[in-house]
Amino acid sequence: SERVVQGPSQRLLARRGETVPLFDLAQELALPSEARAPQALVVRGGGGELVAFAVDRVLGQQEIVVRPLADPLVASNAISGATDLGDGRVTVVLDLLALRAA
């Protein structure tokens, strides 16, 4: 039973008796805003803190090997590294907790 609550400057997610801060991932990454609203939530925890992100969709889940990025042009605390998805595509791996701390 999850419920989103809109505050004056912060959206919150009521989840299992806890209040979790809710952020829009596209907005956090400064991506262009689309007309449609996010359709899924990703909740991430670490250090006793939970954070939720609204996303367009979740495509799936898989185990990966994250390789660090050494290129200073893409260096960011919020980027953990990159991985090969197994079909030849390479993708960036985000650290959602570091993204919020930045």
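**Exercise 1.** How many helices and how many strands are there in the protein chain, and in what pattern do they follow along the sequence?

*Solution.* The model is a predicted one. Step one is the count: the protein chain has two helices and seven strands. Step two is the order, which reads β-β-β-α-β-β-β-β-α along the sequence.

**Exercise 2.** Describe how β2 and β3 pair, and find the residue in their hairpin that takes a positive phi.

*Solution.* Start with the strands: β2 covers residues 11-15 and β3 covers residues 18-24. They pair in the antiparallel sense, over five bridges. Next, take R15; its bridge partner in β3 is E18. Finally, look at the hairpin, where two residues lie between the strands. There R16 has a positive phi, near 50 degrees.

**Exercise 3.** Identify the residues of the largest nonpolar core and the elements that each supply at least two of them.

*Solution.* The largest nonpolar core has nine residues: F23, L25, V51, F53, V55, A78, L96, L97 and L99. At least two of these residues come from β5 (49-55), and at least two from α2 (96-101). Another core, of five residues, lies apart from this one and includes V20, L22, A52 and A54. Now take A78, a member of the largest core. With neighbours within four places in sequence left aside, A78 is in contact with V93, L94, D95, A98 and L99.

**Exercise 4.** Which residues form a nonpolar patch on the surface, and is L29 buried or partly exposed?

*Solution.* The patch consists of L29, L31, V92 and L94, and together they have about 310 Å² of accessible area. To place L29, go to the loop between α1 (25-28) and β4 (40-46). The relative accessibility of L29 is 33%, so L29 counts as partly exposed; buried would require a value under 20%.

**Exercise 5.** Find the salt bridge in the structure and state which residues form it.

*Solution.* A search of the whole structure gives one salt bridge. D87 and R89 form a salt bridge, with their closest N and O atoms 2.8 Å apart. R89 has a relative accessible area of 52%, and is therefore exposed, the cut-off being over 50%.

**Exercise 6.** Summarise burial, exposed area and contact range for the protein chain.

*Solution.* First, burial: 21% of the 102 residues count as buried. Second, area: the chain exposes about 7,500 Å², of which carbon and sulfur atoms supply 51%. Third, range: take the contacts between residues at least 6 apart in sequence; 33% of them join residues at least 24 apart.

Definitions and conventions: Residues numbered from 1 in each chain as written. Predicted model: local features only at pLDDT ≥ 70, side-chain atom pairs only at ≥ 80, totals over all residues. Heavy atoms only, no water. Core = buried A, V, L, I, M, F, W, Y, C linked by side-chain atoms within 4.5 Å. Buried < 20%, exposed > 50% of the residue type's maximum accessible area, 1.4 Å probe, protein only. Helix = DSSP H or I, 4+ residues; strand = E, 2+ residues; numbered from the N terminus. Contact = heavy atoms within 4.5 Å. Pairing = 2+ DSSP bridges. Patch = residues over 30% accessible without salt bridge, like charges linked within 9 Å, V, L, I, M, F, W, Y side chains within 5 Å. Areas by Shrake-Rupley, 256 points an atom, 1.4 Å probe, with all protein chains shown as cover. Salt bridge = Lys/Arg side-chain N within 4 Å of Asp/Glu carboxyl O.
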